[in-house]
Every structure is written in structure tokens, then in C-alpha cells.
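Grab a viewer and a coffee. Below are a few exercises to work through with the structure open, each with a solution to check yourself against.

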Amino acid sequence: MTEDFRPAEALAARLRDRIATDGPLPVSAFMMQALFDPMFGFYATKDPLGAHNDFITAPEISQMFGELIGLWAVECWSQMGEPDPVQLIELGPGTGRMMSDVARVLRAAPGLVAAAEVTLVEASPALKMVQGRTLAGAPVPIRWAPRLDSVRPGPTLLLANEFLDCLPVRQAIRHEGVWRERCVAMHPDEGERFAFVLGPALSAPDLALIPAPLHDLPDGSLVELRPADAAVVEAVAERLNDHPGYALFIDYGAVEPDHGDTLQAIRKHEKVDPLDAPGTADLTAWVAFDALARAGLDAGLQVFGPVEQGQFLKGLGLDVRAALLAKAQDREGRARLERQAARLSAPEEMGALFKVIAFASPGLAPPPGLDRYTLPE
Ligand code: SAH
């Protein structure tokens, strides 16, 4: 008799064993393993089309998204003085759709097509295969790297859409006047289930990560810390401080320091309990754009934005692009393009929740569509 093999059960067992040995896991460790356990994590086991089925991102909604980002990159390259070669890097490329749309508009700048060396930074072996298929006909050479710091050094154009939101988030809860790490343990009554528990008090360096206006929130308040995002910005700065470059991040989140639990799990377009059946749902949390901007300034970079996605895309010519593509369409096709543009840019759709921020090497001009970030008073 053979039993069905269920990756979700195997992952739950791994997490249970880990908790039994090490004690409660910080939320960030739980999230990391649920997404990236090399055998049973969400990004490792999901057949990627299935993964693609769980949520839909801007590049999958419309080719116009990647095309406008591509035009942004062409303009940045020209502002850099048209370096050759230039490393065109994407972090977390998903199905490869955005890069294929970017690559198509690069054809408008033959010098850039000749200069660009594309590197996709991807953790999921399954998605790497999908990316290879999507980009089989691309006019530029494609490589993969496991991490940003292993990409060939040099002038850089870096793009990342919905990458930061899936990096592990830490959560802290104020309890009796003390900030404590939120952890995951086994449920006290239902031994098979996971439950949130209060972990140890935050250390002094961790406390310093909580934005000052949030320090004295009342008991029961929750703040999120994103050390992994800051580490990405530092890795970006290592490149951009050595060679000219721009880096563009698009994601959902808040611009002002904020508090509250934003950890969410999406399975087949439905919000589900983040602790239920780890590895079978996508876990994300909001990006904190104020912290991201500060990390950029601290690392010596110029910071531009954040601006809402709708405003950014319209500034880059979303409506003009839609009208141009519509010329070759029948009435149904035109309606589809209009609908896509609205999904990307209308405030009640992705237009306002999603924000855009860019970093640039010292001395470079502002990138298209973004104003210089100014520190709040
Ligand atoms: N940018 C794509 C996909 C977003 S999903 C889109 O907009 O459609 C997040 C992507 O980031 C996936 O490709 C995932 O495998 C990848 N990813 C997440 N964490 C990563 C990490 N630490 N290193 C490399 N890739 C990562």
C-alpha cells in the first residue's frame, strides 16, 4: 500500500519538529520556510502555473506594464551615458512576463539591445524553468543568479515588481509596555495546528528598527519590521555606489510609518489563514516605503518617489500606449485595453495601493516619472 505524498503535510511536520527542538519560531522564520523550504515551500512545490493561479500581478494583467517599465529603463540608460555593457537585472521575475515585455521595447533602442546583459535573480527552480520558456525568443542574452551580490558588477538597471512583499517580515507586539517578538508555536489545545504566541522581548538594536513615532503605541499594538528589505537596499547600494545605475521597486504598502498586521495568505485568489497549511498559500506583507527610502539614504543612494503606481504609469504614458495599441484592435480589443489600463492605474484597483520607489547612484539625474524623496519633518 502506498500513501499519497502530500508536501503540505511534510512541511507542517518539518515546522512542528523545528518548534519542538528550538521553541516558538519568529514569524519571519515561519514565513521563510513556508515560502522557500527547498523541498516543500510554496515556491518550490507549486507547479508554477498553479502558483500563477493563486494571485495575479501587474505584468500578468497587461503587456503595457512591462513596456512602460522598459521605456523607463531606456531613458535611464541614456541618462547614465549609454554604458556598454549594462547589467539589466530583475529580482523575482515570476513567469518572466515583465522582462519579455521590457525586452520587446528595448528593440526601440538598438544600442541598449546590444549592451544589455540580462540577469534574473530567482530563488525558485520551478519558476526559473518557466522564465526560460517565456524568454526563449528574447533579443538579449539571459542568465540567472541566485542572489543579487552574485551578478556581474558594472553599470546597472535593476527592476523588481512584487519582490519585496514576499521577503520575510518580523512582527513585534507591545505587551505590558514591552515590545516582544511575535512567534509561531503549536496550538495549546489542537496539537496539529499552528498558533501565534508572544516571544522574547526585542533587543536594543531591534527596538531601534521601530520608527520613532510608533515607539509608544498602546499595549496590543503590532508593528512590522522588514530587515530583509533593508538588506536588499544595501546590496543594491553596493552596486550603485561602485558603478552608475538605477533601481526600481514596485510593490504594495504604506508611505507613512504605520502599524497593524499586514501578513496575508492568498490561495487561489482567496484570503486564507496565514498559519493554515503552510506551503500551500502565498504569504506576503506590506512594504514600508518610509523605511525603504531611509535605508536608501543611509546607504548613500539618491532616492526618488515613492509615488502611487497609477500616477507613475500615467506619467510614463499609459494612456498614450493604450491608445496606440488600440488602433490595431476591434471594439472588443479596445475595451480590453481600457479595462487593463484601469486595473493598473485606477485608485480603487492597483493604482493607489501599489507604490513606486527608485534608487540612483550619486550624481545621476532623476529617473522619469519620479520626484526626489524628501525626509519628513
Ligand atoms: N515579479 C513577478 C513575480 C512576483 S512573485 C510579477 O510581478 O509577476 C515573487 C517572485 O520573487 C517569485 O518569482 C519568487 O520566486 C521570487 N523570490 C522571492 N523571494 C526571493 C529571493 N529571496 N530570492 C530570489 N527570488 C525570490
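The exercises below cover two helices, a ligand site and one proline, all in a predicted model.

**Exercise 1. Work out which side of helix H11 is buried and which elements cover it.**

Step 1: Find the helix. H11 runs over residues 227–242. Its 16 residues reach 23 Å from first C-alpha to last, close to the 22 Å expected at 1.5 Å a residue.

Step 2: Pick out the residues under 20% relative accessible area. For H11 these are Asp229, Val232, Val233, Val236, Ala237, Arg239 and Leu240. They cover an arc of only 165° around the axis, so they sit on the same side of H11.

Step 3: Flip to the face turned away from that buried side. There you'll meet the exposed residues Glu234, Glu238 and Asp242.

Step 4: Look at the cover. Over the buried residues of H11 lie, among others, strands S2 (86–91), S5 (156–161), S10 (245–254), S14 (287–288) and S16 (354–360), plus helix H12 (289–298).

**Exercise 2. Do the job again for helix H1, listing its buried residues and their cover.**

Step 1: H1 spans residues 7–22, and its 16 residues reach 22 Å, close to the expected 22 Å.

Step 2: The buried set is Ala10, Leu11, Ala12, Leu15 and Ile19.

Step 3: Their cover includes strand S1 (25–26), helix H2 (27–36), strand S7 (178–186) and strand S8 (194–201).

Step 4: Check the residue just after H1. Glycine 23 takes a positive phi of about 90° there.

**Exercise 3. Which residues are closest to the ligand, and how much of the ligand's accessible area does the protein cover?**

Step 1: Count the surroundings. There are 18 residues around the ligand, and the closest are Phe36, Thr57, Gly92, Glu122 and Asn161.

Step 2: Go through some polar pairs. A ligand oxygen is 2.5 Å from an N or O atom in the side chain of threonine 57. A ligand nitrogen is 2.7 Å from a polar backbone atom of glycine 92, and a ligand oxygen is 3.0 Å from a polar backbone atom of glycine 94.

Step 3: Now the area. On its own the ligand has 580 Å² of accessible area, and the protein covers 90% of that.

**Exercise 4. Place proline 141 in its loop and find its contacts beyond four places in sequence.**

Step 1: The loop in question lies between helix H9 (125–134) and strand S4 (142–145).

Step 2: Proline 141 has a relative accessible area of 46%, so it counts as partly exposed.

Step 3: With neighbours within four places left aside, proline 141 is in contact with Ala116, Glu117 and Val118.

Conventions: Residues numbered from 1 in each chain as written. Predicted model: local features only at pLDDT ≥ 70, side-chain atom pairs only at ≥ 80, totals over all residues. Heavy atoms only, no water. Helix = DSSP H or I, 4+ residues; strand = E, 2+ residues; numbered from the N terminus. Expected span 1.5 Å × (residues − 1). Buried < 20%, exposed > 50% of the residue type's maximum accessible area, 1.4 Å probe, protein only. Arc of directions from axis to C-beta. Contact = heavy atoms within 4.5 Å. Near = heavy atom within 4 Å. Polar contact = N/O pair within 3.5 Å; in protein donor to acceptor, adjacent residues only side chain to side chain. Areas by Shrake-Rupley, 256 points an atom, 1.4 Å probe, with all protein chains shown as cover.
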